Amino acid sequence: MKSLAWVLLIVMVGSTVTGDLLQSMEMKRHGEVCFSNGRLAAAFSALFRNAYIALAILFMAISFFSFLKLLTVADLSFAVPASAGSFVLETILAKLLLKEQINLRRWAGAALVACGVALLAL
Amino acid sequence: MSPGSKPTERLTFKTRLVTLIVILSQALGNWSLAWGMKHDAPHMALSPIAVLRTIFSPWVGLGIVLLILWLLSRMALLSWADLSYVLPVTSLGYVISAILGKYFFAEEVSVARWAGIALVVAGTALVGRTERNTTQTPGAVESSV
């Protein structure tokens, strides 16, 4: 495996995890988004002016473009399972940083999904 | 759902609806992008005009609109559901992508892939039956669909 592929993978996983954690943190802080008339657009326009949300979207963009670049130097069957790995890391960090309570059933489900996504790429 | 129904029931309905939007917008958005790139712009040059023309071509444009919808619906879902709930549950999108790939791009779906699909569905069913929010959200009091 080329070293460039590993660098891209680390950038991709790192930015996915950072972007998702920031987004989840800010949306939790915002509270439930309401779908009632006229207030949805106002809620989102305020959210997009939130620096953490903007940063989260920037990280999502970095993740997207490093994934595209990764596909040019590595196989899809390497790239997709590797990105499914970020999923397990995110679950651990959601527990540690976002203080989510993850019971056995959720751990088991997350592990099954991660294995399933890895198999999908074969 | 009427505003008078119990908050938990209302949120269950809203969670299912928005989860469905997140899953479908991502799967159909990616499919639409892939279809557009294969059919409308197989040899896209890296000039700004060529890129713009591709972005506004019907299938690629639709894909971008759907992925914007994906971003917005996912943000909304994360506002009342845990990240560790949203991630596995929305992974059903991978399954839909695999099936769309099979029927519309005539991609081969191997036994390993079907096994993967089964694992993702099983995992999603498990996580879907856990509490969707285990942290307190300050804004959660204010609510109407």
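Of the 122 residues in chain A, 39% count as buried. Keep in mind that this is a predicted model. Chain A has 5 helices and 0 strands, so to speak a plain α-α-α-α-α run from the N terminus on. Along its principal axes, the C-alpha trace of chain A spans about 50 × 35 × 25 Å. Take the contacts in chain A between residues at least 6 apart in sequence, and 83% of them join residues at least 24 apart.

**A look at α3(A)**

Helix α3 of chain A covers residues 51–73, and its length checks out: at 1.5 Å a residue, 23 residues should span 33 Å, and the end C-alpha atoms are indeed 33 Å apart. The buried residues here are I53(A), A56(A), F59(A), S63(A), S66(A), F67(A) and L70(A). What do they pack against? The buried residues of α3(A) sit against α1 (3–30), α2 (39–48) and α4 of chain A.

**Where the chains meet**

On the chain A side, 37 residues are in contact with 39 residues of chain B. The elements giving two or more residues to that side of chain A are α1, α2, α4 and α5. The biggest giver is α5(A), with 12 residues. Sorted by kind, the side of chain A that touches chain B looks like this:

| Kind of residue | Count on the side of chain A that touches chain B |
|---|---|
| nonpolar | 19 residues |
| polar | 10 residues |
| charged | 8 residues |

**The cores**

The largest nonpolar core has 46 residues, and those with the most contacts inside it are A114(A), V117(A), L77(B), L78(B), V86(B) and V120(B). Helix α5(A) supplies the largest share of this core, 8 residues. To zoom in on L77(B): setting aside neighbours within four places in sequence, L77(B) is in contact with V18(B), T19(B), V22(B) and V86(B). There's also a second, separate core of 8 residues, which includes L9(A), L70(A), A79(A) and A82(A). One of these, L70(A), turned up earlier among the buried residues of α3(A).

**An odd backbone angle**

Most residues other than glycine have a negative phi. K99(A) goes the other way, with a positive phi of about 60 degrees although it is not a glycine. Where is K99(A) placed? K99(A) falls in the loop between α4 (76–96) and α5 (104–120) of chain A. Is K99(A) buried or exposed? With 11 other C-beta atoms within 10 Å, K99(A) is exposed, since the cut-off for that is 12 or fewer.

Technical notes. Residues are numbered from 1 along each chain as its sequence is written. Chains are lettered from A and ligands numbered from 1 in the order in which they are written. This is a predicted model: local features need pLDDT of at least 70, side-chain atom pairs count only at pLDDT 80 or more; totals for chains, interfaces and linings use all residues. Helices (H or I, at least four residues) and strands (E, at least two) are DSSP runs, numbered from the N terminus. A residue is buried if 20 or more other C-beta atoms lie within 10 Å of its own, exposed if 12 or fewer, and partly exposed in between; C-beta atoms are placed from the backbone. The expected span of a helix is 1.5 Å times one less than its number of residues. Two residues are in contact if their C-beta atoms, placed from the backbone, lie within 7 Å. Ala, Val, Leu, Ile, Met, Phe, Trp, Tyr, Cys and Pro count as nonpolar, Asp, Glu, Lys and Arg as charged, and the others, Gly among them, as polar. A nonpolar core is a set of buried Ala, Val, Leu, Ile, Met, Phe, Trp, Tyr and Cys residues joined through C-beta atoms within 7 Å.
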